[in-house]
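Hi everyone, thanks for coming. I'd like to walk you through one model today, so let's bring it up on the screen.

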Amino acid sequence: MSLEQNNADYSVLNYLQLPVVVLSANEHKEVFQNNSFQLVAQHYLNASNNLANRHLAQLISSKLLKNDTDKLEVEINDASYRHIFRFTANVVGEHVIVEGEDITELKRNQFYLTEQTHC
């Protein structure tokens with residue numbers, strides 16, 4: 001299936017506010033990313049000082065698929081934007097659909113709760 005056909009098949013994912021990237025299960029190559037993922041990936045690119053981690057989809061592919069895990073947390077921290085996303089991978093046929101969830105508030109609350117219990 002060509003990339004253009006995949007984009008047509010997954011274009012409905014552009015209606016989701018969650019960042020979503022679709023990878024091929026066998027080749028670990030990117031097939032599609034929705035608009036929300038592109039926005040998050042751009043913030044990640046702007047905040048990244050590590051050239052090895054310049055592309056968020058590549059980072060997700062290498063960490064999730066090659067390390068046999070289904071969850072990955074990524075912190076995006078630049079001058080105007082600080083968020084933590086948890087990406088979860090699900091195999092659907094020949095593709096892996098990875099969706100992100102903004103867990104910044106959850107992490108902040110966990111930190112405050114931990115601080116309160118240690119006081």
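**Helix 3 and the sheet**

Let's begin with helix 3, where Leu 56, Ala 57, Leu 59, Ile 60, Ser 61, Leu 64 and Leu 65 are buried. Please keep in mind that this is a predicted model. As a reminder for reading that list, an α-helix has 3.6 residues a turn, so residues three or four places apart point the same way.

What covers the buried residues of helix 3? The cover includes helix 2 together with strand 1, strand 2, strand 3, strand 4 and strand 5. Just after helix 3 comes Asp 68, with a positive phi of about 50°.

Now to the sheet itself. It is an open one, built from five strands in the order 2-1-5-4-3, with antiparallel pairing. Strand 2 (30-33) and strand 3 (71-78) each have a single partner strand, so these two stand at the edges and one side of each has no neighbour in the sheet. On average, neighbouring strands are turned by 25° against each other, if you ignore direction.

Let's zoom in on one pair. Strand 1, residues 20-24, runs antiparallel to strand 5, residues 95-102, and five bridges link them. For Val 21, the bridge partner in strand 5 is Val 98.

Finally, the helices on the sheet. Helix 2 (residues 35-47) packs there, touching strand 1, strand 2, strand 3 and strand 4 (81-92), and its direction makes about 60° with that of strand 3. Helix 3 (residues 56-66) also packs on the sheet, in contact with strand 1, strand 2, strand 3, strand 4 and strand 5. The direction of helix 3 makes about 150° with that of strand 3.

Technical notes: Residues are numbered from 1 along each chain as its sequence is written. This is a predicted model: local features need pLDDT of at least 70, side-chain atom pairs count only at pLDDT 80 or more; totals for chains, interfaces and linings use all residues. Side-chain values use heavy atoms; hydrogens and water are left out. Two strands pair if DSSP finds at least two bridges between them. Helices (H or I, at least four residues) and strands (E, at least two) are DSSP runs, numbered from the N terminus. Axes are lines fitted to C-alpha atoms, for helices over the stretch in contact, and angles run from 0 to 180 degrees between N-to-C directions. Contact means heavy atoms within 4.5 Å. Buried means under 20% relative accessible area, exposed over 50%, partly exposed in between (1.4 Å probe, protein chains only).
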